[in-house]
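Please keep the model open in your viewer and follow the stops below in order, beginning with the chain as a whole and ending with a single residue.

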Amino acid sequence: GFLCRAPGRVNLIGEHIDYSGFAVLPMAVELDVLVVVVPSESDKVKISNISPEQYPPSEAEARASLVITPTTDPSSNWPNYFFCGMKG
């Protein structure tokens, strides 16, 4: 297995316009994203958050036909961010 860390940042101005060559003003924040990857014999991807009482664990089959269903409950919708990235 391995661990990855992505430092957090916010754009004070220019959100998503840097892709087109326009100016942005990013700023670092103390938050970050940590991802721990561990191989498995299963065909499922299991994800967990460090606050499981607020963001419960989730799992999905690792396949191209994965269907992502949005909900209006933020605590059950959080895995979709990961699964959309995985599918993309």
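**A tour of the chain**

Start with a cartoon view of this predicted model, in which the secondary structure of the chain amounts to 2 helices and 4 strands. If you trace the cartoon along the sequence, the elements come in the pattern β-β-β-β-α-α. The chain is more spread out than a compact globule, because its radius of gyration is 16 Å, well over the 12 Å that the globule rule gives for 88 residues. Drawing a box along the principal axes shows the extent of the C-alpha atoms, which fill roughly 45 × 25 × 25 Å.

Next, switch on the surface, where the chain exposes about 7,200 Å², with carbon and sulfur atoms supplying 60% of that area. Colouring by burial then picks out the buried residues, which make up 12% of the 88 residues in the chain.

Now select the charged side chains: 6 are positive and 10 are negative, and the centres of the two sets lie 6 Å apart.

For the interior, select Val45, Ile47, Ala60, Leu66, Trp78 and Phe83, which together form the largest nonpolar core, with 6 residues. In soluble globular proteins, nonpolar side chains tend to be buried together.

Finally, centre the view on Val45, a member of that core, and ask which residues it is in contact with once its neighbours within four places in sequence are left aside. Val45 is then in contact with Ser58, Glu59, Ala60 and Ala62, and also with Phe82, Phe83 and Met86. Across the chain, residues 24 or more positions apart account for 34% of the contacts with a separation of 6 or more.

Methods. Residues are numbered from 1 along each chain as its sequence is written. This is a predicted model: local features need pLDDT of at least 70, side-chain atom pairs count only at pLDDT 80 or more; totals for chains, interfaces and linings use all residues. Side-chain values use heavy atoms; hydrogens and water are left out. The radius of gyration is taken over C-alpha atoms; the globule rule is 2.2 Å times the number of residues to the power 0.38. Buried means under 20% relative accessible area, exposed over 50%, partly exposed in between (1.4 Å probe, protein chains only). Contact means heavy atoms within 4.5 Å. Accessible areas come from the Shrake-Rupley method with a 1.4 Å probe; for residues, only the protein chains shown count as cover. Lys and Arg count as positive and Asp and Glu as negative; His and the chain ends are not counted. The place of a charge is taken as NZ of Lys, CZ of Arg, CG of Asp or CD of Glu. A nonpolar core is a set of buried Ala, Val, Leu, Ile, Met, Phe, Trp, Tyr and Cys residues joined through side-chain atoms within 4.5 Å.
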